[in-house]
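Here's a quick tour of the structure below, starting with some aromatic packing and ending with the pockets. Keep the 3D view open as you read.

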Amino acid sequence: MSKSDNPDEILHRFLDLANQADRKGIVLFSNFLNMYEINLLHQNENLFYTGFSLYGGYQEAERQMVAFQPDALYYNWEYPISCVQVEPLNHRFSEDLSHRDILGALMHLGIDRSLIGDILIKDKSAYIFCVEKMADFIAKELYKIKHTQVMTQRVKPVDLHIEMQYRTEEGFIASNRLDAFVAQACKLSRAQAAQFILGENVFINGALVTNHNQGLAEGDVVSLRGHGKLRFEAFLNTTKKGRLHIRYAWYV
């Protein structure tokens with residue numbers, strides 16, 4: 001579904017799926033949605049004739065499918081999401097492959113970004129969540145990433161025991177304002193952080209936020225386009241000059 005950033009076109013596709021689901025009495029799915037599209041979905045949920053739910057293959061997935069569900073369903077259904085495990089043929093001589101490397105290899109195969117969900121990396125293995133119809137193609141065609149020969153196999157998302165990994169950092173901010181936090185986390189000036197927020201690049205708990213004065217609460221999950229995702233963990237203390245000592249954890 002992610003072929004356009006035009007909100008009217010995105011909303012039109014949502015409405016078309018919901019209307020078809022209602023008319024046919026079946027569950028219909030989008031491809032994987034990014035944070036902007038998910039936020040648009042929530043902002044307009046009163047327009048849909050059906051209920052809907054979101055899922056990305058595991059509990060904390062960032063990219064998710066929406067399933068439009070009409071009333072009085074007469075069958076059980078599952079999200080059409082598969083997972084492909086990727087690991088080097090030779091661990092000893094393999095490169096350390098990043099999310100960008102793996103996504104680049106998938107794009108090189110001509111796969112649309114909306115058909116790919118999250119890509120998780122653990123040690124030398126990667127897990128690619130994708131729409132079900134693409135899993136066999138990826139498993140067959142993805143045999144090299146950068147200079148590393150890889151092997152693939154399909155795995156069931158329900159069989160994966162995914163434990164999110166974090167990199168904890170601490171810092172100081174002048175006040176509990178989003179621009180101050182973004183400046184600290186992304187190593188930007190306050191003015192740059194404010195522009196970044198106004199550019200619709202920041203999501204808190206899945207909702208787009210453009211108010212740079214907004215504060216954060218402990219436990220908030222913040223997604224920063226181009227920088228990653230983190231969880232705001234705690235206000236630790238206040239310095240003598242009134243600055244807030246904070247702790248946050250990047251998803252890795």
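Phe-14 and Phe-48 are both buried. Bear in mind that this is a predicted model. The ring centres of these two residues are 6.4 Å apart with the planes at 90°, so Phe-14 and Phe-48 make an edge-to-face pair. Along the chain the partners come from distant parts: Phe-14 belongs to helix 1 (residues 7–24), while Phe-48 is in the loop between helix 2 and strand 2 (51–55), 34 residues apart.

Phe-48 also has a second partner. Its ring and that of Phe-52 have centres 6.0 Å apart and planes at 85°, so this pair is edge-to-face as well. How accessible are Phe-48 and Phe-52? Phe-48 has 9% relative accessibility, which is under the 20% limit, so Phe-48 counts as buried. Phe-52, at 22%, counts as partly exposed. Put together, Phe-14, Phe-48, Phe-52 and Phe-68 form one aromatic cluster. The whole model has 15 aromatic pairs by the rule used here.

Helix 1 holds another residue worth a look, Leu-17. With a relative accessible area of 15%, Leu-17 is buried. If you want a feel for distances across the model, try Leu-17 and Glu-169: they are 152 residues apart along the chain, and their C-alpha atoms are separated by 42 Å. Another pair to try is Ala-139 and Ala-61, with their positions 78 residues apart in sequence and 21 Å from C-alpha to C-alpha. Ala-139 is part of helix 4 (residues 135–141), and at 24% relative accessibility it counts as partly exposed.

Aromatic rings also turn up next to charged side chains. Here are two cases where a charged end sits over a ring:

| Charged residue | Ring | Distance to ring centre |
|---|---|---|
| Lys-229 | Tyr-251 | 4.5 Å |
| Arg-231 | Tyr-166 | 4.4 Å |

Now for the cysteines. How many disulfides does the structure hold? The count is 0. Take Cys-130: it is in no disulfide, and the nearest cysteine sulfur, that of Cys-83, is 7.4 Å away. A disulfide would need the two sulfur atoms within 2.5 Å, so at 7.4 Å this pair does not qualify. Cys-130 is buried, with 0% relative accessibility. Cys-186 counts as buried too, at 10%.

Two loop residues stand out for their backbone angles. Lys-187 has a phi near 60°, a positive value in a residue other than glycine. Lys-187 is in the loop between helix 5 (178–186) and helix 6 (190–198). Is Lys-187 buried or exposed? At 59% relative accessibility, Lys-187 counts as exposed. Asn-205 is also a non-glycine residue with a positive phi, near 50°. Its place is the loop between strand 10 (202–204) and strand 11 (207–208).

On to the pockets. The largest pocket has a volume of about 1300 Å³. It is lined by 41 residues, and the closest to its centre are Glu-62, His-99, Asp-118, Ile-119 and Gly-228. Which elements each supply at least two residues of this lining? They are helix 2 (35–43), helix 3 (99–108), strand 5 (116–122), strand 12 (221–224), strand 13 (228–238) and strand 14 (244–251). Strand 5 gives the largest share, with 6 residues. By type, the lining of the largest pocket splits into 16 nonpolar, 11 polar and 14 charged residues.

The second largest pocket comes in at about 280 Å³. Its lining includes Tyr-55, Tyr-79, Pro-80, Glu-132 and Arg-154. Strand 4 (81–88) and strand 8 (148–155) are the elements that give two or more residues to this lining. Here the division is 7 nonpolar, 1 polar and 4 charged.

How values were computed:
Residues are numbered from 1 along each chain as its sequence is written. This is a predicted model: local features need pLDDT of at least 70, side-chain atom pairs count only at pLDDT 80 or more; totals for chains, interfaces and linings use all residues. Side-chain values use heavy atoms; hydrogens and water are left out. On a 1 Å grid over the protein atoms alone, a cavity is a set of points where a 1.4 Å probe fits but cannot get out, and a pocket is an open set with protein on both sides within 12 Å along at least five of seven lines; lining residues have an atom within 4 Å of a point. Grid points are joined across faces, edges and corners, and a volume is the space filled by probe spheres set on the points. Helices (H or I, at least four residues) and strands (E, at least two) are DSSP runs, numbered from the N terminus. Ala, Val, Leu, Ile, Met, Phe, Trp, Tyr, Cys and Pro count as nonpolar, Asp, Glu, Lys and Arg as charged, and the others, Gly among them, as polar. Buried means under 20% relative accessible area, exposed over 50%, partly exposed in between (1.4 Å probe, protein chains only). Rings of Phe, Tyr and Trp (its six-membered ring) pair if their centres lie within 6.5 Å; planes under 30 degrees apart count as stacked, over 60 as edge-to-face and the rest as tilted. A charge sits over a ring if NZ of Lys or CZ of Arg is within 6 Å of the ring centre and within 35 degrees of the ring normal.
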